[in-house]
Amino acid sequence: MQVDVITLFPEVVTVPLGASMIGRAQDRGLLTLRVHDLRDQGIGKHRQVDDQPFGGGPGMVLKPEPIFAALDPLRTSKSRVLLLTPQGRPFHQRDAERLSREEHLIFLCGHYEGVDQRIVESCVDEELSIGDYVLTNGAIAAAVVIDAVVRLLPGVLGDDESAIQESFGASGLLDHPHYTRPAEWREMKVPEILLSGDHAKIIAWRAEQARERTRQNRPDLL
Ligand code: JFE
């Protein structure tokens with residue numbers, strides 16, 4: 001998969017996505033990540049990328065010309081252009097699954113109060129929000145979405161991790177609790193049933209725990 005990111009903060013995207021599994025996906029050619037500094041397309045000797053909002057009000061708005069100059073050479077008929085914004089549609093696991101089947105994603109990362117609406121209307125295929133809170137810029141949100149999408153590409157996760165993902169995703173519930181050695185730690189014991197070797201009982205216990213956790217923390221999922 002090819003992913004392009006247009007941002008004023010390239011390192012906010014490249015550094016976290018260079019580590020761990022996504023970094024290895026890049027090394028192995030499963031992901032080609034190209035990050036473009038919007039400042040390179042800034043206007044004039046000050047490389048201006050933003051300006052005051054028409055109609056007044058606080059903050060600055062990203063100008064359309066630098067964004068279009070960065071975006072247009074990257075676009076083909078197979079590109080999907082995504083804008084991260086608190087005003088977007090909520091990004092869920094099913095969106096990660098859908099986007100993982102695309103060939104080419106282009107992420108536009110806003111800053112300040114946002115992006116000139118004419119860019120949104122002429123160039124953007126979908127506006128996404130990673131959650132109901134306000135970040136300082138879109139690059140952090142783009143890194144989150146890219147991580148969630150790229151881990152679903154064939155070969156990125158190990159076999160064990162892929163199996164876990166399937167069972168968790170299919171149930172639609174939160175995962176059950178996990179324990180490892182030692183069997184007792186600071187007077188806290190691992191639930192007896194997990195040491196019993198009774199696999200049927202363990203499965204039933206985990207299902208009950210998953211249901212109870214979901215009821216407690218995420219009743220909206222039930
Ligand atoms: C940008 C900002 C003031 C936005 C009303 C670009 N889920 C999610 N949370 N935050 C974002 C996405 C996000 C994405 C892109 C962003 C926040 N900001 C900050 C400041 C008002 C805003 O919208 C700028």
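In this predicted model, 17 residues surround the ligand, and those that come nearest are Gln87, Tyr112, Ile130, Tyr133 and Leu135. Among the elements of the fold, strand β5, which spans residues 79–90, gives the most to this shell, with 4 residues. The space that the ligand takes is the second largest pocket.

Three of the nearest residues deserve a second look for their backbone atoms. A backbone N or O atom of Tyr133 lies 2.7 Å from a nitrogen atom of the ligand. For Leu135, a polar backbone atom is found 3.0 Å from a ligand nitrogen, and for Ile130 a backbone N or O atom is placed 3.1 Å from a nitrogen of the ligand. On its own the ligand has 520 Å² of accessible area, and the protein covers 85% of it.

Strand β7, which covers residues 126–129, holds a residue with several polar partners to follow. Glu126 lies in this strand, and it counts as buried because its relative accessibility is 8%, where buried means under 20%. How is the side chain of Glu126 paired with that of Arg80? A polar contact of 2.7 Å joins the two side chains. The side chain of Arg89 also makes a polar contact with that of Glu126, at 3.0 Å. Along the chain, Glu126 and Arg89 are 37 residues apart, while their C-alpha atoms are separated by 8.2 Å. With neighbours within four places in sequence left aside, the contacts of Glu126 are Arg80, Val81, Leu82, Leu83, Arg89, Arg98 and Leu99. The buried carboxylate residue is thus set among both arginine and leucine side chains or backbones, including Arg98 and Leu99.

Helix α9, residues 199–217, offers a set of residues with contrasting surroundings. Arg206 is found in this helix, and its relative accessibility of 33% is why Arg206 counts as partly exposed. Beyond residues up to four places away in sequence, Arg206 touches His176 and Leu194. The C-alpha atoms of Arg206 and Asp4 are 41 Å apart in space, with these positions 202 residues apart in sequence numbering.

Thr214 belongs to helix α9 as well. Is this threonine buried or exposed? Its relative accessibility is 0%, so Thr214 counts as buried. A polar atom of the Thr214 side chain lies 3.0 Å from the backbone nitrogen of Leu174. Leu174 is also one of the contacts of Thr214 outside its four-place sequence neighbourhood, a list that further includes Leu173, Pro219, Leu221 and Leu222.

Asn217 is likewise placed in helix α9. With a relative accessible area of 55%, Asn217 is exposed, whereas Thr214 is buried. Asn217 and Ser196 are 21 residues apart along the chain, and 28 Å separates their C-alpha atoms.

Several backbone features are also worth a friendly pointer for anyone preparing the model for further calculation. The peptide bond between Arg181 and Pro182 is cis, with omega at about 5 degrees. Pro182 is found in the loop that runs between α7 (159–171) and β8 (184–185). The next loop to consider, between β8 and β9 (188–189), contains Glu187. Although Glu187 is not a glycine, its phi is positive, at about 65 degrees. Glu187 is exposed, with a relative accessible area of 74%.

Helix α2 supplies the remaining backbone cases. Ser20 is found in this helix, which spans residues 20–27, and the phi of Ser20 is near 55 degrees, a positive value in a residue other than glycine. Within α2, the residues Met21, Ile22, Gly23 and Ala25 are buried. In an α-helix there are 3.6 residues a turn, so residues three or four places apart point the same way. After α2 comes Gly29, whose phi is also positive, near 80 degrees.

Notes:
Residues numbered from 1 in each chain as written. Predicted model: local features only at pLDDT ≥ 70, side-chain atom pairs only at ≥ 80, totals over all residues. Heavy atoms only, no water. Helix = DSSP H or I, 4+ residues; strand = E, 2+ residues; numbered from the N terminus. Buried < 20%, exposed > 50% of the residue type's maximum accessible area, 1.4 Å probe, protein only. Contact = heavy atoms within 4.5 Å. Near = heavy atom within 4 Å. Polar contact = N/O pair within 3.5 Å; in protein donor to acceptor, adjacent residues only side chain to side chain. Areas by Shrake-Rupley, 256 points an atom, 1.4 Å probe, with all protein chains shown as cover. 1 Å grid on protein atoms, 1.4 Å probe; cavity = no way out; pocket = protein on both sides within 12 Å on 5 of 7 lines; lining within 4 Å. Sits in = over half its atoms within 2 Å of the grid points.
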